[in-house]
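Student: Could we go through this model and check where its labels come from? I'd like to see each term set against its cut-off.

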Amino acid sequence: MNSTVRSSGAFFRIGETPAGIDEFAMRYTSTPRGARLARRLTSHRLDEWGYPYYGEINESVTAIAGELAANAVQHGHVPGRDFALRLTVSASAGESGALCFRVEVSDTRSETLPAVTSGGEADAGADACGVLAESGRGLLIVGCLAAGWGVDPRPGGPGKTVWAEYTTGAGATGR
């Protein structure tokens, strides 16, 4: 199924690409409402692709997308500029039958880059943001759920793309 979605004046193709990779991409307003919508549409798209709402895959990938979208709004906001979310599902390069879910969130602010740390240790996140802090743990959550994450320059313009990959084993549920 291929269809076109209009958001923020831009068209994006969604559905299955010729290579058999499921893809969903859309731009959102750089507001808390836009971040909420990105999270909800990610969960909805995964459910449509056969990964049910209350399954581990849907919940984990949706949490990753939600954290990255919230960070784009909070730390990557540029007045009048949207952020973009892209979700792809493909066969994982490692294990036969394994899947790789890649979430990419792009914004137009390049001077504020997240620090990429290894491991995702809970102590490191708690020390960095303070034990009683109300925020500052988003990338710690992403690091714990994802097989890997990083930051790349945004292709075709100013800004950055923060990405994370969630991988499943050969016996993944869904579909």
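Here is a walk through one residue, one helix pair and the core.

Tutor: Some ground rules: this is a predicted model, where local features need pLDDT of at least 70, side-chain atom pairs count only at pLDDT 80 or more, and totals for chains, interfaces and linings use all residues. Residues are numbered from 1 along each chain as its sequence is written, and side-chain values use heavy atoms, with hydrogens and water left out.

Student: What makes the pattern of the protein chain, read along the sequence?

Tutor: The pattern runs β-β-β-α-α-β-β-α-α-β-β, from four helices and seven strands. Those are DSSP runs numbered from the N terminus: H or I of at least four residues for helices, E of at least two for strands.

Student: Why is A72 called buried?

Tutor: Buried means under 20% relative accessible area (exposed is over 50%, partly exposed in between, with a 1.4 Å probe and protein chains only). A72 has 2%, so it counts as buried. A72 sits in helix α2, residues 56–75.

Student: Which residues is A72 in contact with, leaving aside neighbours within four places in sequence?

Tutor: They are S30, H77, F83, V105 and D107, where contact means heavy atoms within 4.5 Å. For V105, 33 residues apart from A72 along the chain, the C-alpha separation is 7.2 Å.

Student: Why is α1 called roughly antiparallel to α2?

Tutor: Helix α1 (residues 32–48) and α2 pack at about 160°, with axes 9 Å apart. Axes are lines fitted to C-alpha atoms, for helices over the stretch in contact, and angles run from 0 to 180 degrees between N-to-C directions. Under 35 degrees is roughly parallel, over 145 roughly antiparallel, 65 to 115 roughly perpendicular, and the rest oblique. That angle therefore makes α1 roughly antiparallel to α2.

Student: Which residues make that contact?

Tutor: From α1, they include P32, A35 and L46, and from α2, V61, A65 and V73 are among them.

Student: What makes V103 stand out in the largest nonpolar core?

Tutor: A nonpolar core is a set of buried Ala, Val, Leu, Ile, Met, Phe, Trp, Tyr and Cys residues joined through side-chain atoms within 4.5 Å. This one has 30 residues, and V103 is listed with L85 and F101 as touching the most other members. The largest share, eight residues, comes from α2. Not counting residues up to four places away in sequence, V103 touches residues including V61, I64, L68 and W163.
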